[in-house]
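Visitor: Could you zoom in on one part for me, the cysteines and their surroundings? I'd like the cut-offs along with the numbers.

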Amino acid sequence: MLMKTFAVASFVALASVLQARRAFGDDERLIRRTRSNHHRYDEQGSTVSLDSTTIATTTTTATTNTTTFTGSFLSIPLISHAELFPNATILEHEHDRRRRRHLSSSSSRTLHSQYTQMNPLYQGYGTHYVDLWVGTPIPQRQTLIVDTGSAVTAFPCQECVHNCGTGHHVDSYYQESDSRTFHVVECSRCKIGTCHHYGKQQRHLHRPKACLVTANYQEGSSWKAFEASDVVYSGGPHDSILKTNKHSFRMHFCCQTKLTGFFQTQMADGIMGMEMASSSMWKQMYNQGVLQEKSFALCLSRQATVSRSGTVAGSMTLGGVNPKLHNTNMVYANQINTKGWFVVRLKRLFLRTNGGEFVQVPHADKVLVEYRQVHVLERDDGNNDIIVLDSGTTDTYLSQTLYHDFNKAWKSLMDGRSYNNDNRRYTNDELGLLPTILFQLEAHDKDDGDLQTPGLVGDLDPNRPTDVLVAMPPTHYMEYNPTTKRYTSRLYFNEKKGGVLGANFMMGHDVYFDAHRGRIGFAESTCDYYNPNAGENEDT
């Protein structure tokens with residue numbers, strides 16, 4: 001089991017919290033992350049629980065991929081870690097795929113306004129990563145997992161004295177000495193770390209003190225870093241440098257000097273923190289006027305092959321949303337936090353017979369469809385409806401209290417067979433007949449919307465017809481292992497309270513993290529970065 005806690009004086013506690021866990025199987029795959037039930041801010045100890053990994057600042061105690069710039073937002077292709085091995089499948093490298101840390105040539109595209117950028121995303125082992133180019137005059141690439149459950153960006157720098165991923169990471173250490181614009185953050189200006197004097201083992205760093213950050217995991221992995229800043233830009237061609245980039249900005253990040261455990265053996269160089277924090281990548285862009293809105297969108301798809309050149313598997317849009325990606329109008333769930341994680345309220349689950357990839361059932365098939373409802377306890381009954389959206393967690397985890405009713409509904413549709421996470425053989429036809437799971441999320445505006453709009457609950461819940469409905473088909477929650485030729489469900493009911501909606505939940509949707517308006521938007525999409533006009537809707 002893995003727990004991490006941010007301990008930095010500059011962070012503030014979140015308004016609401018819940019627990020999410022990550023565990024390791026026998027093959028040492030990282031299955032999930034752990035969150036604490038109570039975020040705490042200790043003025044003396046400088047401790048705040050912000051996400052599943054405990055970060056403690058030391059205290060005195062190939063294809064052609066394109067990044068798109070369009071006026072007001074930036075869209076970036078997401079790359080798959082699965083593509084790093086040309087002769088392997090994703091699941092053959094599951095031990096890396098399951099970790100929440102989280103390649104081809106691309107150039108940026110601009111959308112409606114000069115303040116929005118759309119870049120390709122690349123698929124990892126259940127997560128997705130993006131290129132960040134760091135330094136001047138010759139920017140250096142770092143591949144970073146896009147993580148809405150983390151507040152900081154971190155990757156190895158040249159001052160790492162031990163193995164910081166050599167032979168495993170996509171890129172070499174960041175050579176800060178080659179950058180004219182690199183700065184070590186002075187102790188009087190710490191934004192992420194806490195000022196501390198270096199010990200004897202760190203005197204090679206040639207400075208007496210710095211803003212230090214340490215991350216320790218219960219399973220033994222850890223990393224140490226100092227806070228730094230440099231000029232960066234995201235996206236662009238994967239294998240070549242942009243001469244100019246109007247979306248470049250000065251970013252504070254964690255320059256890692258020591259890694260242990262899985263941080264060494266992961267494929268991505270580091271992580272890109274995207275939660276609601278002043279240290280997150282998008283928030284720093286907004287604060288410097290590079291983005292006009294406090295928002296971004298992730299559109300995730302899944303590819304089955306592995307190649308070191310990388311596979312485009314969606315897009316990241318910074319500063320807005322790209323409606324050309326959408327196959328349905330965007331509908332909005334209420335986002336209840338103002339800082340920290342992006343959190344929604346889960347009101348009900350529905351199981352729908354005869355599968356189906358989408359929330360709307362084709363008219364010809366409606367007579368063949370049955371629904372089973374699973375009620376979710378309200379806040380007064382234990383916070384079971386408080387759910388985190390976390391792109392850095394591969395799978396989806398819900399409360400233990402939901403399992404009994406969910407299993408009862410499952411058995412009624414599956415000839416008495418219980419729901420579990422055991423591996424099982426299915427033919428393609430059998431897989432297609434598994435229930436589609438529908439998640440009912442509390443609406444952002446309870447009086448808004450045509451009740452016939454795909455993505456709204458409508459008649460399924462007459463008391464809450466404008467709530468949002470998100471479909472999770474069997475092809476997203478069931479995962480195939482080509483070695484055993486078996487499937488395993490990656491929807492778990494093992495949280496004490498609340499839960500985590502991971503990357504497999506977000507798949508097949510453009511998910512709009514609109515911190516500016518306190519909402520999360522969902523639109524069904526193929527997430528085809530190369531052909532965004534495949535979408536039929538121009539909603540915003």
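Guide: Let's start with Cys299 and Cys527, which form a disulfide with their sulfur atoms 2.1 Å apart; the term covers a pair of cysteine sulfur atoms within 2.5 Å. Bear in mind that this is a predicted model, where local features need pLDDT of at least 70, side-chain atom pairs count only at pLDDT 80 or more, and totals for chains, interfaces and linings use all residues. Residues are numbered from 1 along each chain as its sequence is written, and side-chain values use heavy atoms, with hydrogens and water left out.

Back to that bond: its S-S torsion is about -80°, so this disulfide is left-handed. Cys299 sits in strand E13 (residues 295–300) and Cys527 in the segment after E27, so the pair ties together parts 228 residues apart in sequence. Strands (E, at least two residues) and helices (H or I, at least four) are DSSP runs, numbered from the N terminus. Both ends are tucked away: Cys299 is buried at 0% relative accessible area, and Cys527 is buried at 3%. Buried here means under 20% relative accessible area, exposed means over 50%, and partly exposed is in between, using a 1.4 Å probe and protein chains only.

That bond has company, as the structure holds five disulfides. Another joins Cys157 to Cys255, with 1.7 Å from S to S. The torsion about this S-S bond is -110°, and the link is left-handed. This pair also connects distant parts of the chain, 98 residues apart: Cys157 is in the loop between strand E6 (154–156) and strand E7 (183–184), while Cys255 is in strand E11 (residues 249–260). Cys157 has 0% relative accessibility, so it counts as buried, and Cys255 is buried at 0% as well.

Then there's Cys160 with Cys164, a disulfide whose sulfur atoms are 1.7 Å apart. The torsion about its S-S bond is about 75°, so this one is right-handed. Cys160 and Cys164 are both buried.

If you number the bonded cysteines of the protein chain in sequence order, the pairing reads 1-8, 2-3, 4-6, 5-7, 9-10. Cys254 has no such bond because its sulfur is 9.0 Å from the closest cysteine sulfur, in Cys255, which is too far. Cys254 is buried too, with 0% relative accessible area.

Now, about strand E27, the one that comes before the segment with Cys527. E27 covers residues 519–524, and Arg519 lies in it. Arg519 is buried, with a relative accessible area of 14%. Its side chain makes a polar contact with the side chain of Asp514, at 2.8 Å. A polar contact is a pair of N or O atoms within 3.5 Å; within protein, one must be able to donate a hydrogen and the other to accept it, and residues adjacent in sequence count only if both atoms are side-chain atoms. Setting aside neighbours within four places in sequence, Arg519 is in contact (heavy atoms within 4.5 Å) with Tyr332, Ala333, Gln335, His444, Tyr512, Phe513 and Asp514. So if you want to look around the Cys527 end of that opening disulfide, E27 and Arg519 are handy landmarks, with Cys527 in the segment after E27 and Arg519 in E27 itself.
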